[in-house]
Every structure is written in structure tokens, then in C-alpha cells.
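Please look over the sequence and the model shown below before reading on. The report that follows takes up aromatic rings, helix packing and one glycine in turn.

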Amino acid sequence: DIQQGNLVRYLLRPFPYYWIKFIEEIPYRLLQGSYGIILLILFSLAFGNLIQITSDPFVLTMSGIIAILAFFLSYTMKVNLGLSAFWFIDSRGFFELFTIILIVFSGGIVPLHLLPTTFQTLSYILPFAYTAYFPIMSLQGQLNMMQLFQVVGVQIVWLGVLLLLNRVMWKYGIKEFTAFGQ
């Protein structure tokens, strides 16, 4: 939207750009999530003894909260990355670097508990593990009650930091934005 000048049509609307894009993202995420649930069910039926999902209602509720916060974290990180287009002509390199970092530090290549201690510590400090690794661990019942609350707390802190960063980037970025009419 920024690079192609389409941001102008969003600036005239009475809702913040962040929330307009969030609502536009929901159908895609629901479709993607339904595919994930179908795959999870199929894998559970095929490999039932390898894939464990908790049946504890409290843990399932906390897992739902963690999953929702993970979605907001992931979305906000990507929006902030997209806002870099205010300052850079081509931000594809940032997106590719972000994707690699996200895959490594969210447990996409190897579960985080199998990484060397330094990488584990870094993973637990950065927000990436809280977008995929911990939601999966909580759904499997691998986290105790204290760890569940700790994950939610860290997610809320990171979400606050990223939302603050979003506001700052928007405030200064919108001053850099120019668009031309036809």
C-alpha cells in the first residue's frame, strides 16, 4: 500500500490502518487455521501416540488465549516490518531476513529445547518463540500453570512494545509518505 500509493484510500477512513488491515487478514488466517486443524486431526489419527493434545479445560483455555496473543504478535511484527516501506524503496530483503529469523527462533527448524543454551536463551527473550513454539507447547500440555501465565505475560509485554513501535513508526513514517494523483 505504501509503495504503490494505495495508502491514501485508507487515510481517508475513520479507522486506523492497523485495524483495517487486521480485519482484512482475518479470513485468510481463519482458512489457514482450519487447514492446520484438519492436518492436526489427521496426524493425531495417524500418529496418535506421537502427538499429544491436552484435555485439561484450563490448559485449553490458556492455549486459546496464548494462540490469540500469538496471532496479534505475529501480525504486529509483520505490520511493523511493512511500515519500513516508508523509508526504504525495496523492503523485500527485510521480509526475507525476518522470515528466516522467525523460522529459526520460533522452533520451525528444531524444537527450541534442542538448541544450544545460548540460542535457547535468545529465543526466550525475543518475541518469535511466543508466536509458534509456546502456543504449540501449551496445546500439548507441556507447560505448567506458572509457565502458561509467564508466556501470556511475556506475550503481553512484547505486544505492548511492538504496538508502541508501530505508533512511532506510523507517526514518523506518515510524514515521509507522498502520493500522486492522476
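## Phe58 and its aromatic partner

In this predicted model, Phe58 counts as partly exposed because its relative accessible area is 33%, a value that falls between the 20% limit for buried residues and the 50% limit for exposed ones. Its partner Phe149 is likewise assigned to the partly exposed class, with a relative accessible area of 45%.

The rings of Phe58 and Phe149 form an aromatic pair with 6.0 Å from centre to centre, and with 45 degrees between the planes the pair is described as tilted. The two residues belong to distant parts of the chain, since Phe58 lies in helix H3 and Phe149 in helix H7 (residues 145–176), 91 residues apart.

## Aromatic pairs between H2 and H3

The structure holds 15 aromatic pairs. Another of them joins Phe22 and Phe71, whose ring centres are 5.3 Å apart and whose planes stand at 50 degrees to each other, so that this pair, too, is tilted, as the range from 30 to 60 degrees requires. Phe22 sits in helix H2 and Phe71 in helix H3, 49 residues apart, and the pair thereby links distant parts of the chain.

The surroundings of these two rings can be described through their accessibility. Phe22 has a relative accessible area of 9% and is therefore buried, whereas Phe71, at 21%, counts as partly exposed. Both residues belong to a cluster in which ring pairs link Tyr18, Trp19, Phe22, Phe71, Phe72 and Tyr75.

## How H2 meets H3

Two packed helices are described by the angle between their axes and the distance between the axes. For helix H2 (residues 17–46) and H3, the axes come within 11 Å and cross at roughly 120 degrees. Because of this angle, H2 is oblique to H3, and the crossing of the two helices is right-handed.

On the H2 side the contact is made by Tyr18, Trp19, Lys21, Phe22, Glu25 and Arg29, while H3 contributes Phe71, Phe72, Tyr75, Thr76, Lys78 and Val79. Sorted by class, the residues in this contact of H2 with H3 are seven nonpolar, one polar and four charged.

## How H3 meets H4

Helix H3 (residues 57–83) also packs with helix H4 (residues 92–105), and here the axes come within 9 Å and cross at roughly 155 degrees. This angle is over 145 degrees, which means that H3 runs roughly antiparallel to H4. The crossing in which H3 passes H4 is right-handed.

From H3, the residues that make the contact are Met77, Lys78, Leu81 and Gly82, and from H4 they are Phe94, Phe95 and Phe98. By class, five of the residues in the contact of H3 with H4 are nonpolar, one is polar and one is charged. Lys78 of H3 is thus listed in the contact with H4 and is also listed in the contact with H2.

## Gly173 in helix H7

Where in the structure does Gly173 lie? Gly173 is part of helix H7, and its relative accessibility of 0% is the reason why Gly173 counts as buried.

Leaving aside neighbours within four places in sequence, Gly173 is in contact with Phe86 and Trp87. Ala85 and Gly173 are 88 residues apart in sequence, yet their C-alpha atoms are 8.6 Å apart in space.

Methods. Residues are numbered from 1 along each chain as its sequence is written. This is a predicted model: local features need pLDDT of at least 70, side-chain atom pairs count only at pLDDT 80 or more; totals for chains, interfaces and linings use all residues. Side-chain values use heavy atoms; hydrogens and water are left out. Axes are lines fitted to C-alpha atoms, for helices over the stretch in contact, and angles run from 0 to 180 degrees between N-to-C directions. Helices (H or I, at least four residues) and strands (E, at least two) are DSSP runs, numbered from the N terminus. Angles under 35 degrees count as roughly parallel, over 145 as roughly antiparallel, 65 to 115 as roughly perpendicular and the rest as oblique. A crossing is left-handed if the near helix is turned anticlockwise from the far one by less than a right angle, and right-handed if clockwise. Contact means heavy atoms within 4.5 Å. Ala, Val, Leu, Ile, Met, Phe, Trp, Tyr, Cys and Pro count as nonpolar, Asp, Glu, Lys and Arg as charged, and the others, Gly among them, as polar. Rings of Phe, Tyr and Trp (its six-membered ring) pair if their centres lie within 6.5 Å; planes under 30 degrees apart count as stacked, over 60 as edge-to-face and the rest as tilted. Buried means under 20% relative accessible area, exposed over 50%, partly exposed in between (1.4 Å probe, protein chains only).
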